[in-house]
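Biologist: Could you take me through the strand pairing and the salt bridges in this model, step by step?

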Amino acid sequence: MPQLSIRPAIRDDITTILALSIGGNAPGRTNIDDAEDAQNDDYQRAFDLIEQDPNNLFFIAELAGEKVGCMQINLLQGLAGRGRMRAQLEGVHIRADHRGKGLGGEMIEWAIAFAKSKGAGMVQLTSSKNRPDAHRFYERLGFDRSHEGFKLSL
């Protein structure tokens, strides 16, 4: 069974995060991002904001010291559900050449345990409509298709 090591992302991981979320590694995604431009001020500024927010966390998953995955976890405090906190998973990616080995499930299980440790009573995520394999993956892990998502680019 694979054994991932999951750690907080550091600034030097920006290139890896971008590479994992671009093109062939993220089927169906149209990108304006460029992993070769990780030093761009926009990425640096965004990383600064994430790093300063204790409820906005980025993680890198490693297998035998090799970076193979990433995810962002946002802890959202709400009033509904008697003030229940939610963990929103974003940018969940496993490197294409490591898919199908159980690493994604291991990473999500880790995220769920992390969310519980922070007091979250729910974990939620969105997945592009054109990723049926990802939808089946999340359903196998116990996620329900409970909502329809909407986006408005500004």
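The exchange below concerns a predicted model and turns from one strand and its partners to the charged pairs.

Biologist: Which strand pairs with β4 in the parallel sense, and over how many bridges?

Modeller: Strand β4, residues 85-94, has seven of its ten residues buried. Strand β3 runs antiparallel to β4 and is joined to it by eight bridges, with Gln 77 standing opposite Met 85. The parallel partner, in which Gln 124 stands opposite Gln 88, belongs with β4 and helix α4 to a right-handed β-α-β unit. That partner is strand β5, residues 120-125, and the pairing runs over five bridges.

Biologist: How many residues apart in sequence are the parts that Lys 67 and Asp 13 tie together?

Modeller: Lys 67 and Asp 13 form a salt bridge whose closest N and O atoms are 2.8 Å apart, and the two residues also belong to a network of salt bridges with Arg 7 and Glu 62. Because Lys 67 lies in strand β3 while Asp 13 lies in the loop between β1 and α1, the pair joins parts whose separation in sequence is 54 residues.

Biologist: Is Asp 133, the salt-bridge partner of Arg 136, buried or exposed?

Modeller: The side chains of Arg 136 and Asp 133 meet at 2.2 Å, N to O, and both residues lie in helix α5, three residues apart, about one turn of the helix. Arg 136 is partly exposed, at a relative accessible area of 42%. For Asp 133 the relative accessible area is 56%, and since exposed means over 50%, Asp 133 counts as exposed.

Conventions. Residues numbered from 1 in each chain as written. Predicted model: local features only at pLDDT ≥ 70, side-chain atom pairs only at ≥ 80, totals over all residues. Heavy atoms only, no water. Buried < 20%, exposed > 50% of the residue type's maximum accessible area, 1.4 Å probe, protein only. Helix = DSSP H or I, 4+ residues; strand = E, 2+ residues; numbered from the N terminus. Pairing = 2+ DSSP bridges. Right-handed = clockwise from strand over helix to strand, strands pointing away. Salt bridge = Lys/Arg side-chain N within 4 Å of Asp/Glu carboxyl O.
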